[in-house]
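Biologist: I am new to this one. Could you walk me through the structure?

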Amino acid sequence: MAGKRIVLDVLRGETVFPPPLWMMRQAGRYLPEYRETRKRAGTFLDLCYNPEYAVEVTLQPIERFGFDASILFSDILVVPHALGRALAFEEGRGPVLTPITAAEINDLGTDAFHVNLAPVYETVRTLRKKLPDETTLIGFCGAPWTVATYMIAGHGTPDQAPARLFAYREPAAFARLLKILADQSAAYLVRQIEAGADAVQIFDSWSGVLDEACFEAFCIQPVAEIVRQVKAAYPNVPVIGFPKGAGFNYERYRERTGVQGLGLDWTVPLSAARELQRGGAVQGNLDPLRLVAGGKALSDGVKSILDTLGQGPLVFNLGHGITPETSVPHVEAMVKLVRSGGHG
Ligand code: CP3
């Protein structure tokens, strides 16, 4: 018998209290067991493409903390990599890609895409077999805009200026890039669902730097296209959108993309989050640095979220990924407090 996956119930609009919880980047360097597996695997990409190791690190935070959802271990940049773009993760520098030109966008090949990503599908299949029945398995991809910022600049930037300038100067090539990324990302999510993912999340980490027209064209439209294609294949699988930093655009984003779950960063005021919750489930939004600090900073943050959002559909999460310097006992304290409904 399939277990009851409460994260799915909440994403479909039910209120569950205490709310289910998981953390973005829950498999990562703050865990000693992750650092150990990572050393054995070799590079970060070796870890992403080796199903045995990727399964192992995905399960580590579930075994340790009993989170209600497990997120596939991979990276958003395997999509450009599978499209033939060079990618490396350099120690202390993050991702490094060869910046793409307008001419190269025309030549992007999609033939080997799913073959290149076969190890990811294998990881998802094995995970669904090994996870507890009641644990929701979340697949993911990066949103076209965020992935494009890395493809164009070749690395992370503070304000995504290279991609914004490219979009203004080469509008046709840029539109083509977003379209390829939207189509391939949708197909990628569909394959993850086929392999056993129960829900999917679209990470738009850099959506907060765009003006109104660009937000509409680069964030909303491509994500709406992904949602449309995923829903055409799997109408009942919830999609979570995480347009980090979207501010005033959050509500429009939810309405126009069709996502069921809305991931909120920690700058979204809880009163505004409460309003957004009227349109469906929200996920978030503890400042990850409250988790680093622990103590009163942590318990105050958790309690405010539970007090304000606990009476509607809420998946408790951080407002962005957990940082490597976070201590494991602080995560344990957060889990205990959320599980007690804020009264621990
Ligand atoms: O949440 C999870 O546990 C699933 C795994 C996951 C990773 N990256 C693993 C990872 C997910 C969902 C991502 C998404 C991702 N990757 C995003 C969107 C979310 C966000 O954080 O904004 C982005 C922008 C990336 C690109 C990326 N990957 C960067 C900029 C970096 C370097 C920064 C850093 O933290 O080192 C990565 C590397 C990365 N991705 C690590 C992990 C665990 C650390 C690499 C290591 O172990 O050495």
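Modeller: What follows is a set of short questions and answers on a predicted model.

Biologist: Start with the sheet. In which order do the seven strands of the open sheet lie?

Modeller: The seven strands form an open sheet with parallel pairing. Two of them are edge strands, pairing on one side only: β1 (69–71) and β9 (314–318). From one strand to the next the twist averages 25 degrees. The order is β1-β4-β5-β6-β7-β8-β9.

Biologist: Which residue of β5 stands opposite C141?

Modeller: Strands β4 (residues 136–142) and β5 (residues 199–204) pair in the parallel sense, over five bridges. I138 stands opposite A199 in β5. For C141, the residue opposite in β5 is I202.

Biologist: And on the β6 side, what is the bridge partner of V200?

Modeller: Strand β6 covers residues 239–243. β5 and β6 run parallel and are joined by five bridges. The β6 partner of V200 is V239.

Biologist: How many of the six residues of β5 are buried?

Modeller: In a regular strand, side chains alternate between the two faces of the sheet. In β5, A199, Q201 and F203 point one way. V200, I202 and D204 point the other way, and all are buried. The count of buried residues in β5 is six of six.

Biologist: Which helix lies across β4 and β5, and which helix packs on β8 and β9?

Modeller: The helix across β4 and β5 is α11 (residues 171–195), running at about 165 degrees to β4. On β8 (281–286) and β9, the direction of the packing helix makes about 160 degrees with that of β8. That helix spans residues 295–309 and is α16.

Biologist: Now the rings. How many aromatic pairs are there?

Modeller: Two rings pair if their centres lie within 6.5 Å. By that rule the count is 13 aromatic pairs.

Biologist: Is the pair of F65 and F67 stacked, edge-to-face or tilted, and why?

Modeller: The ring centres of F65 and F67 are 5.3 Å apart. Planes under 30 degrees apart count as stacked and over 60 as edge-to-face. The planes of F65 and F67 are at 45 degrees, so the pair is tilted.

Biologist: Are F65 and F67 buried or exposed?

Modeller: Buried means under 20% relative accessible area. F65 has 8%. F67 has 2%. So F65 is buried, and F67 is buried.

Biologist: What kind of aromatic pair do F166 and F174 form?

Modeller: F166 has 12% relative accessibility and counts as buried. F174 is buried too, at 1%. Their rings are 6.3 Å centre to centre, with 65 degrees between the planes. Over 60 degrees counts as edge-to-face, so the F166 and F174 pair is edge-to-face.

Biologist: Which residues form one aromatic cluster with Y34?

Modeller: One cluster joins Y34 to three phenylalanines. These are F44, F73 and F89.

Biologist: Which residues lie nearest the centre of the largest pocket?

Modeller: The largest pocket has a volume of about 1300 Å³. Its lining has 41 residues. Nearest its centre lie R25, R29, F44, D75 and F89.

Biologist: Which element gives the most to that lining?

Modeller: Four elements each supply at least two lining residues: α2 (32–41), β2 (87–90), β3 (94–97) and α15 (288–293). The most, three residues, comes from α2.

Biologist: Let us turn to the backbone. Where do the residues P18 and N285 lie, each joined by a cis peptide bond?

Modeller: F17 and P18 are joined by a cis peptide bond, with omega about -5 degrees. P18 lies in the loop between α1 (6–11) and α2. G284 and N285 are joined by another cis peptide bond, with omega about -15 degrees. N285 lies in strand β8.

Biologist: R25 has a positive phi. Is R25 buried or exposed?

Modeller: The phi of R25 is about 60 degrees, although R25 is not a glycine. R25 sits in the loop between α1 and α2. Exposed means over 50% relative accessible area. R25 has 56%, so R25 is exposed.

Biologist: And Q160, buried or exposed?

Modeller: Q160, also not a glycine, has a positive phi near 55 degrees. Its place is the loop between α9 (144–153) and α10 (161–169). The relative accessible area of Q160 is 1%, so Q160 is buried.

Conventions:
Residues are numbered from 1 along each chain as its sequence is written. This is a predicted model: local features need pLDDT of at least 70, side-chain atom pairs count only at pLDDT 80 or more; totals for chains, interfaces and linings use all residues. Side-chain values use heavy atoms; hydrogens and water are left out. Rings of Phe, Tyr and Trp (its six-membered ring) pair if their centres lie within 6.5 Å; planes under 30 degrees apart count as stacked, over 60 as edge-to-face and the rest as tilted. Buried means under 20% relative accessible area, exposed over 50%, partly exposed in between (1.4 Å probe, protein chains only). Two strands pair if DSSP finds at least two bridges between them. Axes are lines fitted to C-alpha atoms, for helices over the stretch in contact, and angles run from 0 to 180 degrees between N-to-C directions. Contact means heavy atoms within 4.5 Å. On a 1 Å grid over the protein atoms alone, a cavity is a set of points where a 1.4 Å probe fits but cannot get out, and a pocket is an open set with protein on both sides within 12 Å along at least five of seven lines; lining residues have an atom within 4 Å of a point. Grid points are joined across faces, edges and corners, and a volume is the space filled by probe spheres set on the points.
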